[in-house]
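I set out to look up the packing of this chain, then one helix and one residue in particular. My entries follow in that order.

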Amino acid sequence: MSSLSKFHPSWDQCKVGVDPTRAYEDEFVELAGDFEGANAHHLKKLGEGHYYVESEPEPGDHGFSGEGYYFCVGVRFKDPKMDKITLRFYAVGDEKTCHRGQIGHDTEHCVLWYGGAYHQLARENIHVVDADKDVLDFVIPRPEGVDTVFVMNFHWWPFSDGIRYFLDLCERTPGMRSEVIGVSLQNRAQYAFEFGSDKPDAYRILLTQTMQPSECGHLLIKYITDFLLSDDPVAKDILKDFRFFIVPFASPDGSALGLCVSNSRGDFLNFQSHKAAAGDPNTPPETMAVYRYIEKVRPLIYYDMHSNNWSTRKGNMLIRYRHYLILDRELQRLWDHLEERLLTLPRMVHENWTDEYEGYYQATMGYQAAMYLNAISAMIKQHDRFEVETLQNDAIAAIVATCEEVRKWKAARKIVRD
């Protein structure tokens, strides 16, 4: 067991003692892959100042199974004279796994967490060793006054930290409510929260973290929530007419276990949503809980909040569903104007379309929400290569633009009626 497994005393110990190769220590450093949300094993020393990290293979039987697409490892500098180390990272997989070469050819960023904040590793500290086999070297400098650094390719946020943040926020925020909408296979609660206007005709906007737990939808929802509950006059004005519903951790087991897209059983939850819509009793419980919550809330707008880390994806992606999935022509017009507006935002780009015959995302939650629950839906995938301030500003800008377009639509409908 590494000391980093208890870096924060409240962290879940679910990864401790399962795989002894998740911890390594010598007189210079300690490496850890056994803390909550970590993904790293076979840790060892290669040479002076040079260490090896291998991602853990994704469980299940789906497109990511058998490969290690997500990594998160802790480094504790023990020798005060040591000012950097090199981590040789291998993304496990073989020629049969569908993303072979993706990490090697498409990695141009690395996220660091230390001193209570996220940072981006300098691009010149990332060296490709073998692109086809997904082998890279990351040169990790020791920050001044800090001995522990967490290294990752997505913005890791432990489930226990994140859910405690939202529960504490709910407790001290008048009018904010929480509920348990489901329970995971390993008995972790799926929480939802709501806040905003109590008017019967308030427009409902629902945000969920993607059920791909490695992605930083949870942080994007945090940034949006913090803004909306702030003293900012724009936020206060929004809450006069809008009510927000959020599910910040949609796959709590996956988050705690440090998985890329799966739950503890190896189900690819995001692509099981069609089963939930059909009422299939074999639907994973986490997926069913999110679908039932959307069905209960019946939002006007549903955003599935993702992130992405491919360098070939140059910005924040808007993954879209064809607007005729909703039969209401008025809602189609709002959807048209809304996405046109979103695509004017800095760094936002169109990725692709999905309908019954086109695209890749028929089995996702957004498709079901549009097709069966009449919700304007989209996947927003913000890029993990951006600094936190940019991530935060971009998430807030998308929500502000959304609310402005809804109000324009409301005003136009009133003029037509009058």
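I looked first at the largest nonpolar core, which has 110 residues; Ile85, Leu87, Val151, Phe244 and Tyr303 touch the most other members. I take a nonpolar core as a set of buried Ala, Val, Leu, Ile, Met, Phe, Trp, Tyr and Cys residues joined through side-chain atoms within 4.5 Å. Buried is under 20% relative accessible area, exposed over 50%, partly exposed in between (1.4 Å probe, protein chains only). Helix 10 (residues 388-417) gives this core its largest share, eleven residues. I noted a second, separate core of 21 residues, with Ala276, Tyr302, Met365 and Leu373 among them.

The model is predicted: local features need pLDDT of at least 70, side-chain atom pairs pLDDT 80 or more, while totals for chains, interfaces and linings use all residues. Residues are numbered from 1 along each chain as its sequence is written, and side-chain values use heavy atoms, without hydrogens and water.

I turned to helix 4 (residues 233-241; helices are DSSP runs of H or I, at least four residues, numbered from the N terminus). Its buried residues are Ala235, Ile238, Leu239 and Asp241. They lie on the same side of helix 4, because their arc around the axis is only 160°, taken from the directions from the helix axis to the C-beta atoms. Exposed Pro233 and Lys240 sit on the face turned away from that buried side.

Lastly I checked Arg22, which counts as buried at 9% relative accessibility. Its side chain reaches the backbone oxygen of Lys15 at 3.0 Å.

Terms used
Helix = DSSP H or I, 4+ residues; strand = E, 2+ residues; numbered from the N terminus. Polar contact = N/O pair within 3.5 Å; in protein donor to acceptor, adjacent residues only side chain to side chain.
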